[in-house]
Amino acid sequence: MKYWKYLICAVLLIVAVSLPKFIGVYPLQMANIILIYMALALSWDMLLRTGQLSFGIAGFFGLGGYATMLTSTYFGFNPLLSLMAAAITAGLVAALVGYSVLRLRALYFAIVTLALGEIFRVIAQNLEITGGTEGMLLKQTMFKGDAASTYWVMLAIGVLTIIISIIFQKTRIHYASTSIRNDEIVAASSGVNIFKYLVIIFAVTSAIQGLVGGAYVQLYGFVEPTATTFSINFVLMPITMALLGGLYTTWGPVIGAVLLSVIAESLKLRIPYGHLLVYGIIMVVGILWFPGGIMGFIKKMFKISNQ
Amino acid sequence: MTILKTTGVTKQFGGLVALSDVNVEVNENEIVGIIGPNGSGKSTFTNVVAGVYLPTSGKIEFCGQDITQKTTHEKCHAGISRTFQLMRPLIGLNMIQNIMVGAMFGKGHSLKEARKRSAELCKFLDLENVERPISAMTALEIKKMEIARALATEPKLLFLDEVMAGLNKDETMEMINTVRKIHSRGMTIVIIEHVMRVIRELTQRVVVLEWGKVLCEGTYEKVSCDQRVITAYLGEEAEC
């Protein structure tokens with residue numbers, strides 16, 4: 001059973017890496033979108049495993065995007081360096097802000113993270129160096145927009161996120177997260193330094209979101225504060241994907257992101273304007289009938305077949 | 001040797017005085033019982049000493065160290081561990097993983113070492129089938145698992161907050177033996193209990209609380225014949 005898992009992962013990875021050989025530019029663009037949402041959904045889930053519900057995905061995504069744009073424009077960072085700047089900026093800001101915000105819990109934490117995103121947006125919208133409401137254009141996107149190379153960068157980010165998620169699930173971080181989520185008093189009484197773990201996990205997941213935001217800017221070559229870079233889509237879509245795929249797992253958000261992105265895109269072509277309706281119905285049905293998400297359903301099936 | 005000493009510990013919740021000027025000492029390798037009517041401050045005392053609440057005033061010394069202002073996990077690291085009056089298993093983890101949380105974060109063991117030590121603790125407490133989820137465990141097993149989780153932090157002082165509650169006669173007997181076994185390994189234990197038989201069988205010294213104050217203190221025989229304790233808690237029918 002164990003070797004099967006590794007084999008499947010290896011095959012999937014080889015297929016994913018060699019994808020540009022077999023498919024055209026449009027499907028590759030599609031794959032980039034999937035990878036963006038996947039990394040966002042997964043990083044959101046990684047924080048949720050500690051019981052903290054964040055609506056700040058778009059905030060850190062946008063922050064990373066602007067970090068990439070500014071470092072490339074004003075300091076002439078090369079694309080990969082600017083992506084690193086995005087991750088570090090988002091991670092550092094999250095650690096600093098988290099120092100006070102992570103004393104809040106539940107709805108209060110959720111609302112404050114939403115407000116954080118708004119604060120970043122308002123700042124970006126009003127500063128001259130960030131281009132105000134008009135935003136900015138990148139002089140040159142990474143690899144001059146070469147489809148295969150940009151896809152590989154996105155794939156690397158996706159795989160990195162999955163690896164971090166697996167590390168979180170296999171090490172003591174898993175035990176810290178679960179105990180904090182289940183019962184903070186028991187966790188603290190068992191010696192868990194709750195605040196320390198929350199700050200670390202919040203910083204890491206925000207860094208991933210910043211990195212993805214940076215990559216988004218390198219892909220499309222612009223930042224624009226109101227409708228794009230801080231769009232509420234980057235909050236709602238990843239959360240829906242993680243819910244549909246199955247929370248507290250690595251593969252749930254991955255499956256959810258692939259499924260919902262593909263469905264959304266194909267519906268958009270078939271029934272323009274009507275696709276959101278169908279999309280909503282899928283969400284409602286999925287959440288009503290598969291409360292554990294797709295991963296929960298698969299695990300249940302395995303259990304039944306084992307008995 | 002005294003390992004726990006509280007001096008004038010007071011805890012107020014708004015206008016309610018839950019503990020007032022409590023002075024308690026616990027000596028090494030002793031089993032001390034804390035009894036008292038509902039609302040007398042037994043659990044609050046545990047919570048103040050083990051760190052869930054900070055005392056309003058007073059001083060808590062543990063192993064000669066002032067731990068009054070320490071947070072919950074710092075007190076755990078200092079060597080105080082506890083179980084809870086109501087069962088509080090971590091439902092996202094299975095039996096041995098629950099215990100591993102204590103070993104990893106209380107004592108800083110690696111994952112592998114924590115698993116090894118937790119398996120030993122399961123054996124010591126007769127817990128079998130250690131990979132079971134919480135939903136497949138009996139109440140007695142959950143209680144034992146919570147004791148194991150507390151022991152996994154390798155404490156110097158263990159608080160047992162009403163571990164017998166909800167157990168039947170046979171299970172209570174088994175739990176008494178379990179506590180004896182833990183004590184025989186050199187553990188100092190503070191046990192909060194309503195079942196007087198348990199107090200009689202296990203403790204060397206009893207502290208009686210009423211309205212957040214220490215009413216009296218002494219051996220079981222002395223305390224159970226004290227007229228004030230009979231009036232406040234035991235009732236006239238109690239036998240000496």
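Two strands are taken to pair if DSSP finds at least two bridges between them. On this basis, in the predicted model examined here, four strands of chain B form an open sheet in the order β2-β1-β4-β5, with antiparallel pairing. The edges of this sheet are formed by β2 (16-27) and β5 (65-66) of chain B, each of which pairs on one side only. Within the sheet, strand β1 of chain B, which spans residues 2-13, is joined to β2(B) by eight bridges in the antiparallel sense, and the register can be stated at the residue level, B:Leu4 having B:Val26 in β2(B) as its bridge partner. Helix α1 of chain B (residues 42-50) lies across β1, β2 and β4 (57-62) of the same chain, and its direction makes an angle of about 115° with β1(B).

A further set of strands in chain B is paired in the parallel sense. Strand β7 (residues 157-161) of chain B pairs with strand β6 (residues 80-82) of chain B over three parallel bridges, and B:Ile80 stands opposite B:Leu157 of β7(B) in this pairing. Strand β7(B) is also joined by five bridges to strand β8 (residues 188-192) of chain B, the two running parallel; here B:Leu157 stands opposite B:Thr188 in β8(B). Strand β7(B) is mostly covered, five of its five residues being buried. The side chains are divided between two directions, with B:Leu157, B:Phe159 and B:Asp161 pointing one way from β7(B) and B:Leu158 and B:Leu160 pointing the other way, and all of them are buried.

In chain A, attention is given to a pair of packed helices. Two packed helices are described by the angle between their axes and the distance between the axes. For helix α3 (residues 57-75) and helix α9 (residues 194-220) of chain A, the axes come within 6 Å and cross at roughly 55°. Because this angle falls neither under 35 degrees, nor over 145, nor between 65 and 115, α3(A) is classed as oblique to α9(A). The crossing in which α3(A) passes α9(A) is right-handed. On the α3(A) side, the residues making the contact include A:Phe60, A:Phe61, A:Gly64, A:Gly65 and A:Thr68, while those of α9(A) include A:Phe202, A:Gly210, A:Gly213, A:Gly214 and A:Tyr216. Classified by residue type, the contact of α3(A) with α9(A) comprises eight nonpolar and 10 polar residues, with no charged residues; glycine is counted as polar in this classification.

How values were computed:
Residues are numbered from 1 along each chain as its sequence is written. Chains are lettered from A and ligands numbered from 1 in the order in which they are written. This is a predicted model: local features need pLDDT of at least 70, side-chain atom pairs count only at pLDDT 80 or more; totals for chains, interfaces and linings use all residues. Side-chain values use heavy atoms; hydrogens and water are left out. Contact means heavy atoms within 4.5 Å. Axes are lines fitted to C-alpha atoms, for helices over the stretch in contact, and angles run from 0 to 180 degrees between N-to-C directions. A crossing is left-handed if the near helix is turned anticlockwise from the far one by less than a right angle, and right-handed if clockwise. Buried means under 20% relative accessible area, exposed over 50%, partly exposed in between (1.4 Å probe, protein chains only).
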